[in-house]
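Let's take a friendly walk through this structure, starting with the ligand and then moving on to a helix pair and some backbone oddities. Have a look at it first.

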Amino acid sequence: MATINSHYNKLAAGYLFPEIARRTQAFLEANPGVEVMRLGIGDTTEPLTPAVVAGLHRGVDQLADVETYTGYGDYEGTTELREALVTRYAGYGVTLDPSEIFVSDGAKPDSANIQSIFGLENVVAVQDPAYPVYVDSNVIVGRTGVCVDGQYDGLVYMSCTEENGFFPDLPEGKVDLIYLCNPNNPTGAVATKAQLRKFVDYAREHKAVVIFDAAYCAYISDPDLPRSIYEVDGAGECAIEINSFSKDIGFTGVRLGWSVVPVGLVVEGTKPGRVNALWMRRQSTMFNGASNIVQEGALAAFTEAGKRECQDTVDYYMENARRIRTALETMRIRVYGGVHAPYLWMATPRGMGSWDFFDQLLAEAHVVGTPGAGFGPGGEGYFRLSAFGHHEDVARAVESIQQNLQL
Ligand code: MLT
């Protein structure tokens, strides 16, 4: 008789964003004619830029010609795209080899799958609050016990609070895998090099691995802040970096990302190159390579025109962030983030529960956001607003919050 993977039973019933969509739909059915404004899921809204569109067209044209047609590509992505990424990292002062870069269908699957190359006995530490995929993927494979009061037994939760500027202290005991997201989803906080260095030093000392999700690095505008963990000396021995083309070139629906697994990364009992080879093994077994058309589109984002246009799109969303932040500050709401990240993290009025605030905001202002509790127990009492959206829609949402939300 077949059985299910019972670790799934430990998970909350629904993934966060489908649950928000379900509640929003229920509200709309109960309130016909009401239009809701969405500052919930971080989903891009602006069209692909001309350079990227031209790249995608080129990819299609290549498939339409017998001379240039290609079938399966390299599991790790095209050489051209990996070399373009190497050049991008060189701009941060980071030296990588194309063999250390693995192009994929997005940062979300990579964030979920990367744990599969590590033993089940590894102790995992996550920021609290955190992007839910880090926790759920470890729960599903059985690296945790059950969830009690919002915390899974066996996981180490690194508190991110107003007091520590939403950047965690080092774990007290010894942990093996540490997930860091920077700029942070959901809090919008961004780390300095000195803050990252503490984690790199810890990881080297304890032979731990930092899994560094840099999906929002394009939103950092201060040149002194690190865009990559490899800007910290020694990170190549202890860190894997995951990144995405979703939020800077608008590929949320197109799907493309990459991971860096340095050859110099070593863990207990392995020689340099072994972890890199394991990820290649995993990808070549379970993934057939990213779409050739899509990779051609991403390559075009590295041209001068592509870079300029994509920066304009990032700036466009950050103008939304500025407007939301200013409005909330005017309302005397404590708000964080939204400066080097497309997310704003606000304290709920009077410390109310974050799902209760979700209901209130929807009922009074007709605005959908994301309850902080959906990112872990440390998110309770907070609420995330996304800066993705057309200017006019975000402006309407902000105006409605200012006029209709009863504080
Ligand atoms: C979010 O809203 O947190 C993001 O859209 C999630 C994601 O990128 O998968």
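A residue counts as near a molecule if one of its heavy atoms lies within 4 Å of it. Keep in mind that what you're looking at is a predicted model.

**Around the ligand**

So who surrounds the ligand? The residues around the ligand are F17, I41, G42, K108, Y131, N185, Y216, K247, Y343 and R384. Sorted by class, that shell has five nonpolar, two polar and three charged residues.

Some of these residues put a polar side-chain atom close to an oxygen atom of the ligand. Here they are:

| Residue | Partner in the ligand | Distance |
|---|---|---|
| N185 | oxygen atom | 2.9 Å |
| K247 | oxygen atom | 2.8 Å |
| R384 | oxygen atom | 2.7 Å |

How much of the ligand does the protein bury? On its own, the ligand would expose 270 Å², and the protein buries 85% of that.

**Two helices side by side**

Now find helix α10 (residues 304-330) and helix α12 (residues 391-404). Their axes come within 10 Å and cross at roughly 10 degrees. Angles under 35 degrees count as roughly parallel, which means that α10 is roughly parallel to α12.

Which residues meet here? From α10 you get Y316, E319, N320, R323, I324, A327 and L328, and from α12 come H391, E392, V394, A395, V398, I401 and Q402. By class, this contact has eight nonpolar, three polar and three charged residues.

**Backbone oddities**

Most peptide bonds are trans, and most residues other than glycine have a negative phi. This model has a few spots that go the other way.

Start with N182 and P183: the peptide bond that joins them is cis, with omega at about -10 degrees. P183 sits in the loop between β7 (177-181) and α6 (193-206). Then there's the bond from N185 to P186, which is cis with omega near 20 degrees. P186 also has its place in the loop between β7 and α6. You've met N185 before, as one of the residues surrounding the ligand.

Last up is D149. Its phi is positive, at about 50 degrees, although D149 is not a glycine. You'll find D149 in the loop between β4 (147-148) and β5 (151-152).

Conventions
Residues numbered from 1 in each chain as written. Predicted model: local features only at pLDDT ≥ 70, side-chain atom pairs only at ≥ 80, totals over all residues. Heavy atoms only, no water. Polar contact = N/O pair within 3.5 Å; in protein donor to acceptor, adjacent residues only side chain to side chain. Areas by Shrake-Rupley, 256 points an atom, 1.4 Å probe, with all protein chains shown as cover. Nonpolar A, V, L, I, M, F, W, Y, C, P; charged D, E, K, R; others polar. Axes fitted to C-alpha atoms, helices over the stretch in contact; angles between N-to-C directions. Helix = DSSP H or I, 4+ residues; strand = E, 2+ residues; numbered from the N terminus. Parallel < 35°, antiparallel > 145°, perpendicular 65-115°, else oblique. Contact = heavy atoms within 4.5 Å.
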